[in-house]
Amino acid sequence: MTTIWIVVLASLATVLTRIIPYFLGKRFSKNRILDDLSKVLPTASFALLVVYAFQDVSLGSVSSYLPALVSAIVVVAISWKTENFLLSIFVGSGIYIFIVNFMV
Amino acid sequence: MVTFRKALMDSLPVMVAYIFLGIGYGMLMEQHGHSLLLTTSISLFTFAGSAQFALIGFLSAGITPYAIFFLILIINARHIFYGISMNQEYKTMGKWKWYLYLSLTDETFTILKTNDHQEGIDRKKYLLFLSSLNQFYWVLGSVLGHLLGSLIPFEIKGLEFILSALFLSAFVLQIKKKNNRVAGAIGMVVSIVCLWLFQENFVAFAMIGIVSLLLLNEFRAKKKVSTK
């Protein structure tokens, strides 16, 4: 029984974080603040997600940071040059997966 | 049809990542003795990867339900940024908006925002196709992992990098546009400083810092315009 209760609460907490923006939007519909924020938040969110995704890379261990660094550079270079989202993701992660499975 | 094909194409990295990470999740749930029904319902109704993995730990650690509620709230707080960014668009979606809000993961948000100027596709359908495809992959992976987990003999390391690459590429594409660079710099610097200060609990702190600086910056920009 406790398990079900915990799972319901966990879902509820997640739903809350996803639905709060809707109510914020209603509450501040006459205010420009949210509209202004919504234009700059995506870029800032992606920055946050990048740090979030790379937080476990250990700078003290070459076998941890080198594959991540090399692949990240490839992703950045392809994205910047070609603006091809899918290509940069697949080439970058292909290189990463190859290195960590066959070279380290 | 064109719209569906585009959504399917754009979801490919997430397809690979969610199915394999979902398999990992389903396997772990099964190893912890949870039922297939539980695995499936959590993936359907919570649908938040990092929170779901954390939840497995919470369940076996015997933390009280209310503490779990707040922990999950903190883990998922970053979703608030995504919803705020999507409000304008979701407003036009009628009753479908509820599904779109509730299925907005890190990855779905990243793909929707990165592909927001496309000709020849039905944007409303695109939002729905992409969101539901991504959820489908995650639920499919979870179920497969739960059922067949023990039969999968090999492990491919590093698949989670697909998601890191997704965020990194999205970030680069944003800051190619000059007027996004201040927001990008604020997001990057605040996040790194907060990670350094607060380690794995940095996200909520970073969010507060990011919003404060972004608002301050908007305010300054407006003041400059009005004094000119």
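**Figure 1. Accessible surface and overall form of chain A in the predicted model.** Chain A of this predicted model presents an accessible surface of about 5,400 Å², and carbon and sulfur atoms account for 70% of that area. The chain contains four helices and zero strands, so that its pattern along the sequence reads α-α-α-α. With a radius of gyration of 20 Å, well over the 13 Å that the globule rule gives for 104 residues, chain A is more spread out than a compact globule. Its C-alpha trace spans about 50 × 45 × 25 Å along the principal axes. Of the 104 residues in chain A, 46% are buried, and among its contacts with a separation of 6 or more, 25% are between residues 24 or more positions apart. The chain carries 7 positive and 4 negative side chains, and the centres of these two sets are 11 Å apart.

**Figure 2. Surroundings of Ile99(A) in helix H4 of chain A.** Ile99(A) has a relative accessibility of 14% and therefore counts as buried, the cut-off for that class being under 20%. When neighbours within four places in sequence are left aside, the residues in contact with Ile99(A) are Pro67(A) and Val104(A). Pro67(A) is 32 residues away from Ile99(A) along the chain, yet the C-alpha atoms of the two are separated by 6.4 Å.

**Figure 3. The loop of chain A that holds Glu83(A).** This loop connects helix H3 (62-82) with helix H4 (85-103) of chain A. Although Glu83(A) is not a glycine, its phi is positive, at about 55°.

**Figure 4. Overall form of chain B.** Chain B has 12 helices and zero strands, and its elements, taken from the N terminus on, run α-α-α-α-α-α-α-α-α-α-α-α. The radius of gyration of chain B is 19 Å, close to the 17 Å that the globule rule gives for 228 residues, so this chain is as compact as a globular protein of that length. Taken along the principal axes, the box filled by its C-alpha atoms is roughly 70 × 45 × 35 Å. Buried residues make up 49% of the 228 residues, and of the contacts in chain B between residues at least 6 apart in sequence, 71% join residues at least 24 apart. The area that chain B exposes is about 11,200 Å², with 70% of it supplied by carbon and sulfur atoms. Its 20 positive and 12 negative side chains form two sets whose centres lie 13 Å apart.

**Figure 5. The interface between chain B and chain A.** In this view, 88 residues of chain B are in contact with 63 residues of chain A. The area buried between the two chains is about 6,800 Å², and carbon and sulfur atoms give 77% of that area. Ile84(B), Phe161(B) and Lys176(B) together supply 10% of the area that chain B buries against chain A, which is more than any other three residues supply.

**Figure 6. Packing around helix H6 (residues 79-90) of chain B.** Helix H6 of chain B is mostly covered, with 10 of its 12 residues buried; among them are His79(B), Phe81(B), Ile84(B), Met86(B) and Tyr90(B). The buried residues of H6(B) pack against elements of both chains, namely helix H1 (2-27) and helix H2 (32-54) of chain A, and helix H7 (96-102), helix H8 (106-114), helix H9 (123-148) and H12 of chain B.

**Figure 7. Leu36(B) in helix H3 (residues 36-45) of chain B.** Leu36(B) is partly exposed, with a relative accessible area of 30%. Apart from neighbours within four places in sequence, Leu36(B) is in contact with Val143(B), His146(B) and Leu147(B). The C-alpha atom of Leu36(B) is separated by 8.3 Å from that of Gly26(B), a residue 10 places away along the chain.

**Figure 8. The loop of chain B that holds Gln199(B).** Gln199(B) lies between helix H11 (181-198) and helix H12 (202-227) of chain B. Phi of Gln199(B) is near 50°, a positive value in a residue other than glycine. The relative accessible area of Gln199(B) is 47%, and this residue is partly exposed.

Technical notes. Residues are numbered from 1 along each chain as its sequence is written. Chains are lettered from A and ligands numbered from 1 in the order in which they are written. This is a predicted model: local features need pLDDT of at least 70, side-chain atom pairs count only at pLDDT 80 or more; totals for chains, interfaces and linings use all residues. Side-chain values use heavy atoms; hydrogens and water are left out. Helices (H or I, at least four residues) and strands (E, at least two) are DSSP runs, numbered from the N terminus. The radius of gyration is taken over C-alpha atoms; the globule rule is 2.2 Å times the number of residues to the power 0.38. Buried means under 20% relative accessible area, exposed over 50%, partly exposed in between (1.4 Å probe, protein chains only). Contact means heavy atoms within 4.5 Å. Accessible areas come from the Shrake-Rupley method with a 1.4 Å probe; for residues, only the protein chains shown count as cover. Lys and Arg count as positive and Asp and Glu as negative; His and the chain ends are not counted. The place of a charge is taken as NZ of Lys, CZ of Arg, CG of Asp or CD of Glu. Buried area is the accessible area (1.4 Å probe) that two parts lose on being put together, summed over both.
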